[in-house]
Amino acid sequence: MNQSHKIACKVAIIYIIIGVLWIIVTDYISMTQAKEDVQIYAMFQHSKGWIFIFITGLFLYFIIRYWTGKMLRSQQEFNLKDEQYQSLFNHNPDCVLELNLEGNVVSINPEAEKLLGNNSDNLKGKNAKHLINWNEREKVSVFFIQSLKGEAVKFETTIQNKSGEERIIRVTFLPIIVQAELLGVYAIVRDITESRREEELMIMSEKLSVIGHLAAAVAHEIRNPLTSLKGFVQLMDMTKEVNPLHSDIMLKEIDRINIISSELLVLGKKQDVAFQRIDLADSLQQVFTLMKAETNLNNIEMGFRVKTVEPIYIMADTIELKQLIINIVKNSIEAIDGNGKIDLSLQIIDDQAVVSVSDNGIGMVPERLERIGEPFYSTKEKGTGIGLAICRKIVHRLDGEMHFESEINKGTTVTIRIPLATGQE
């Protein structure tokens, strides 16, 4: 029953009640007057109808005035809310699309028109899935169905605008619920293409910084096998003989140089981030081999343990993963004053791969520990804090978590939890 029917029913019921009360009261008065004074009785009978009309007229005037005023105030409030909504819709810096229950476009704001390169009239009535790249449509459909259950959903996907340019967007689906009835879904869209590019540039910049930092240690680590190779070559030149034992040692030294230099080259290679199923233990072993050069140069003992015999697979970008661990190990090296120890370990806990990097360095006070990972906040005198901020960003991409534990003059432990790849228990 709508509002007008409710008001009409209330007025009718009140009018009937007044009428019934009027009849009962006037009949009682008439009977009383008929016994006492017939003339007064006749006058009352003649005038009671007019009195009733006057009273009900006043009643109807005031009640209609009251309800009309209330409706006008409600209408004004509604108009004000509607203007506020339209202002929020039209001037929102984010793109807003209103979708019906079938996913068809009802309306879009000017910011969405800019992003899509199309106006509202051309898109109205069309299904929004055609705006999404074909390989992302199934995923987005699942999120849309989830929002139809009354849940707010956030995700990232890619689209192509009218000019064919691919854009990375962050989308929030918000269900439209009015008087407990689901009418559709709002899609709040933010173009994060530029910010994502800036993140990639920041990660690449930090990666190059790490490579520069490692260069001296790697050069020193390569110099040792080169010295051995030079000595054996000189010996062979003098004796004019090839000793199989010497040849075997030389090949091993060459392999060692190749592994270290290859890891450094791979780390510096510029490429698109590509998630794939990787063996985490194998990647950590490669990082351990590369970082062993620097720990040796700084007289630091470094160990690596895998606390499980089964392979540990995760979905990640190999280079980004290595950069993550190298950054953390590098921080441990810088936190150790003189001889020290760094332990790198890997295990499975609760369907997650858990990587731990522990050192016996100077540690951190709780106040600094709370802010660790913030950009431009560093515990080092000449640090920028960008390294650990990038580490957090990489861990976030892996849907993982990073936790710090530290105690002054006892050391720091960094624990990273990463979900196992699908299909691995």
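**An aromatic cluster, two hairpins and a mixed sheet**

Phe173 is buried in this predicted model, its relative accessible area being 5%. This residue belongs to strand 4, and it makes a convenient place from which to begin a tour of the chain. A search of the whole structure finds five aromatic pairs. In one of them, the ring centres of Phe144 and Phe173 lie 5.8 Å apart and the ring planes meet at 80 degrees, so this pair counts as edge-to-face. The pair links distant parts of the chain, since Phe144 sits in helix 5 (residues 137–147) and Phe173 in strand 4, 29 residues apart. Like its partner, Phe144 is buried, with a relative accessible area of 11%. The two rings also belong to a wider group: Phe143, Phe144, Phe155 and Phe173 form one aromatic cluster.

The strand that carries Phe173 has a partner on either side of it in sequence, and both pairings deserve a closer look. Strand 3 (residues 153–160) and strand 4 (residues 166–178) run antiparallel and are joined by eight bridges. Within this pairing, Thr158 faces Ile168 of strand 4, while Lys154 has Thr172 as its bridge partner in strand 4. The two strands make a hairpin with five residues between them. In that turn, Gly164 shows a positive phi of about 85 degrees.

Strand 4 then continues into a second hairpin, this time with strand 5 (residues 181–191). Here ten bridges join the two strands, again in the antiparallel sense, and Leu174 stands opposite Tyr186 in strand 5. Two residues lie between strand 4 and strand 5; Gln179, in the turn, has a positive phi of about 50 degrees.

Further along the chain there is an open sheet of five strands, arranged in the order 7-9-10-12-11 with mixed pairing. Strand 7 (300–306) and strand 11 (401–407) each have a single partner strand, so they stand at the edges and one side of each is left without a neighbour in the sheet. On average, neighbouring strands of this sheet are turned by 10 degrees against each other, direction ignored. Helix 8 (residues 280–297) packs on the sheet, where it touches strand 7, strand 9 and strand 10. The direction of helix 8 makes about 170 degrees with that of strand 7.

Inside the sheet, strand 9 (residues 340–349) pairs with strand 10 (residues 352–359) in the antiparallel sense over eight bridges. Asp343 stands opposite Ser358 of strand 10 in this pairing. The loop between strand 9 and strand 10 holds Asp351, whose phi is near 60 degrees, a positive value in a residue other than glycine. Asp351 is exposed, with a relative accessible area of 55%. Another loop offers a similar case: Asn409 lies between strand 11 and strand 12 (411–419) and has a positive phi of about 65 degrees, although it is not a glycine. Asn409 is likewise exposed, at a relative accessible area of 63%.

A contrasting loop residue is Ile336, found between helix 9 (318–335) and strand 9. Ile336 is buried, because its relative accessible area of 10% falls under the 20% limit. Leaving aside neighbours within four places in sequence, its contacts are Ile300, Lys341, Ile342, Asp359, Asn360 and Gly361. For Asp359, which is 23 residues away along the chain, the C-alpha atom is separated from that of Ile336 by 7.6 Å.

One interaction between a charge and a ring also merits mention. The charged end of Arg277 sits over the ring of Tyr313, at 4.5 Å from the ring centre.

Finally, some totals put these details in context. The chain has eleven helices and twelve strands, and 38% of its 425 residues count as buried. Among contacts between residues at least 6 apart in sequence, 60% join residues at least 24 apart. The accessible surface of the chain comes to about 25,900 Å², and 57% of this area belongs to carbon and sulfur atoms.

Methods
Residues are numbered from 1 along each chain as its sequence is written. This is a predicted model: local features need pLDDT of at least 70, side-chain atom pairs count only at pLDDT 80 or more; totals for chains, interfaces and linings use all residues. Side-chain values use heavy atoms; hydrogens and water are left out. Two strands pair if DSSP finds at least two bridges between them. Helices (H or I, at least four residues) and strands (E, at least two) are DSSP runs, numbered from the N terminus. Rings of Phe, Tyr and Trp (its six-membered ring) pair if their centres lie within 6.5 Å; planes under 30 degrees apart count as stacked, over 60 as edge-to-face and the rest as tilted. Buried means under 20% relative accessible area, exposed over 50%, partly exposed in between (1.4 Å probe, protein chains only). A charge sits over a ring if NZ of Lys or CZ of Arg is within 6 Å of the ring centre and within 35 degrees of the ring normal. Axes are lines fitted to C-alpha atoms, for helices over the stretch in contact, and angles run from 0 to 180 degrees between N-to-C directions. Contact means heavy atoms within 4.5 Å. Accessible areas come from the Shrake-Rupley method with a 1.4 Å probe; for residues, only the protein chains shown count as cover.
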